[in-house]
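These are my notebook entries on one structure, set down in the order in which I looked things up.

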Amino acid sequence: MRRYIARQLVQLVVVVFGISLLAFAILHVLGDPVLLLLPQNAGKEEFERYRHLLGLDRPIYVQYWKFVSRAVLGDFGKSWYADTPAFSLVLERMPPTIYLTLSGLVVALVIALPLGTVAALRRHSWVDSLCTAVAVAGQAAPIFWLGIMLIIVFSVRLRLLPASGYGTWQNFLMPAFCLGAALAPITMRLVRSGVIEVMNMEFIKTARAKGLAEGRVVVKHAFRNACIPVITVLGLQFGQLLGGAIITETIFAWPGVATLTVESIRNQDFPVVQCAVVLLALLIVTVNLLVDVVVGLIDPRIRAS
Amino acid sequence: MIHAITLGSVLGLISALLAPVDVSAQTKDDTIVYAIQSDMQNWDPPNSVLRESIIMGYNVFDHLAARDLKTGKVGPSLAVSWKNIDDSTWEVKLRKGVKFHDGTPFGAKDVKATFDRVLNPENKLTARGNHAKIKSVEVVDDLTARFKTDGPYPLFVERLTAQVMQSEKVIKEKGHEWMQENPVGTGPYKLVKWSKKQEHLLIRNEDYWGPKPAYKYVRVRIIPEQATQIAELMSGGVDIIKAVPPDQMDVINKSGQARTTTSPILRTAMIQLDQAGRSGANPFQDRRVRLAANLAVDVDSIIKHVLNGLGDRVATTVNPMAFGFDASIKPYKQDLAQAKKLLAEAGFPNGIDVGFLRTQPTVEPGLIQTSDAIMADLAKAGIRTKARMVGEVGPFTNLIRDNKADPMFEFSWGYYSIFDADAIFYDVMTCNQPYSYYCNKALDDLVIQGRSTLDSKRRMEIYAKAQKLVYEDAAYLFKWGLRGVWGVSNRLEYDAPRDEVDRMWAVTPRKK
């Protein structure tokens, strides 16, 4: 197990290096940042002075090294727009996004686990067809459409929930559902096919032959095995979930890091964009590492390979 | 027992995470909820160019002069009167008994400190450009300040409406950093709490020198998505929203919960034609082709049918609300035969093919649909356009600035809220301005004359000449003055403001 984790960590280092290169490139592929910072009518001397001030006249590898050595300490520079450190700006907005993605994940699981299992156990019945139909509909509905539909029904018509905002539990319901609904279909299909596959395995027959009750066979033996691909995919989907958060946060005026990133791109506020890209990527990488570890713990075959 | 403790702490953690934002003793009846699309950078209005900062600044700070929304004229606010001592000196008398939110009395020292701070280039405040003509401010006595200007400065009073008064004590003792998040004004509301990107909570200033606002609290919520804003308005979560798209007006008006209100705003839209040849040699360098373009388009019917009437036709680029507007010049009428004839005379009997740089509507409602209609009309006269879409406004304006626009491109100008023809003539239309693809020495001369005299009658005459010149030279494809649309809850009385500054103290409960 230790070697397994060590291998994952080495991969992580490679990925993080790639991310840092990418984040560094953000600023440089878009042309001279000084052009963005100074007024159009600034003189040539002013430009040179600024280039020197920002260290842009140094060789590119020196600039990269400086960027990385500072980023490691959480110093991404000041936001050009808000005049505060980019790091604290991004960090401040992390929790709402994490709460949102986690609650979206919970919603997805609450929908997908029972439906997927039922669909598998009642294969080719009307229950299965219904679940498949729900999954297809869920997969087809874009988040922005679903979000606005939820608002129209639950806020405008029924007046049950606040249409937007952050802070109370009521505020969580629609965004979490919106995000979860996008993830639920693929999870449900995986649970279904996983359970179907496992139910045909020899050890299930053995369990049944031992005289175990069917419920116990499903929950204790089949489900645990069916979970492995689901956990892996959920880990991979975490990035998607964060992507969905961008749209969800915008629709529901959620003060998270996703909207901050989009806004910063629009304002060409590169320190914040760089910082957000690095932190979000680290988050995704960490989640994937955790997933790998969890899968390894559940499944001894993977540890060994 | 251990279980109970764990459970208790988990529940405690959950309720802490989900605890509602503190709204103290606020009730719906004494609160207005106002929505804006994006948050501002800081609470220091001279350090920002955003419309949101201007609006919020008006609610928490005061200006020396303020616009009367009914008459459109600029009148007293913290200043009670002003006069010229000579061509380059203005003397301003201040209101007595005004106090800042921290209790310090307001006086001439604060006026001086405010302008000294803005005018000092080292402070790099964005408002500096607005007041670059002011050389210095002197304190004459507690309630009298004297401004020295660099030559005659006809926009002096107009520009006073664009500068909030900050406190000398705060500037000196607290300093720039502190001021970014802590506004100390003299205005009708005080800031209670700013949850960034989420909400501002304002409370009524009970010691306000002017009329007392009807509502005790203002919640300013940041809601980026327009559809969500409309849904909040219709479900009673928000009371006032702005920039409603024309096609959503019906939905709001039929909701029974809210209504729309519109007002002409200080922004003129046009299509620039590259007379100066900045994009390279092109047919629009010939006056006859520019004239043909103006005669090809039926602007009136586009306003009526595509914009639902939300536009005021203009003959030139000067907005009807700006000082110097000349109503006697009548807009071009569609005349396809004449347009074709002019093209043929210019050497294009078979018409022309020309590039058209377009963008997404961020300030101009219905931009896509109206430009489509204009392209169709132009084609009828033989001006065949090839559109290039650059959706993001930043890159779009950079292309224009860097001489990389097409011979035709979409453009509109908001005058920086200065109700004066100079604010478009000088900033946009003179030679060598970054966004000007029109260059005419005769116009430049008139514009310089107009900004060098204090005599308003003389200025009117100069701007009338300038508009005639621009009109006859068909300098642009002239479009219309824009109208803004606001959505207002039916529980409130509120009219769309023509300067796009929402004044929360002017909101009252609706009479039954």
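Which residue is the bridge partner of Asp141(B) in β7(B)? I looked this up first and found Thr144(B). I note at the outset that the model is predicted.

Entry on the hairpin of chain B. I examined the two strands that this bridge belongs to. Strand β6 covers residues 134–141 of chain B and strand β7 covers residues 144–149 of chain B. I found them antiparallel, with six bridges joining them. Another position I checked was Val139(B), which stands opposite Ala145(B) in β7(B). Together β6(B) and β7(B) make a hairpin, and two residues lie between the strands.

Entry on the sheet. I then asked in what order the strands of the open sheet are arranged. The sheet has four strands, and I read the order as β4-β5-β7-β6 in chain B, with antiparallel pairing. At the edges I found β4 (79–86) and β6 of chain B, each of which pairs on one side only. From one strand to the next, I recorded an average twist of 20°. As a general reminder to myself, strands of a sheet pair through backbone hydrogen bonds, in either a parallel or an antiparallel manner.

Entry on the helix across the sheet. I looked for what lies across these strands and found helix α3 of chain B, residues 108–119. Helix α3(B) lies across β5 (89–94), β6 and β7 of chain B. Relative to β6(B), I noted that the helix runs at about 165°.

Entry on chain A. I turned to the other chain and asked how many helices and strands chain A has. I counted 13 helices and zero strands. For the extent of chain A, I noted that its C-alpha atoms fill a box of roughly 85 × 55 × 30 Å along the principal axes. Chain A has 305 residues, of which 35% count as buried. I also checked the contacts in chain A between residues at least 6 apart in sequence: 72% of them join residues at least 24 apart.

Entry on the contact between the chains. I asked how many residues each chain gives to the contact. Chain A gives 28 residues and chain B gives 24 residues. On the side of chain B that touches chain A, I listed the elements giving two or more residues: α1 (2–18), β10 (217–222), α6 (226–234) and α12 (393–401) of chain B. Of these, α6(B) gives the most, with five residues. By residue class, I recorded this side of chain B as 11 nonpolar, eight polar and five charged residues.

Key:
Residues are numbered from 1 along each chain as its sequence is written. Chains are lettered from A and ligands numbered from 1 in the order in which they are written. This is a predicted model: local features need pLDDT of at least 70, side-chain atom pairs count only at pLDDT 80 or more; totals for chains, interfaces and linings use all residues. A residue is buried if 20 or more other C-beta atoms lie within 10 Å of its own, exposed if 12 or fewer, and partly exposed in between; C-beta atoms are placed from the backbone. Two residues are in contact if their C-beta atoms, placed from the backbone, lie within 7 Å. Ala, Val, Leu, Ile, Met, Phe, Trp, Tyr, Cys and Pro count as nonpolar, Asp, Glu, Lys and Arg as charged, and the others, Gly among them, as polar. Two strands pair if DSSP finds at least two bridges between them. Axes are lines fitted to C-alpha atoms, for helices over the stretch in contact, and angles run from 0 to 180 degrees between N-to-C directions.
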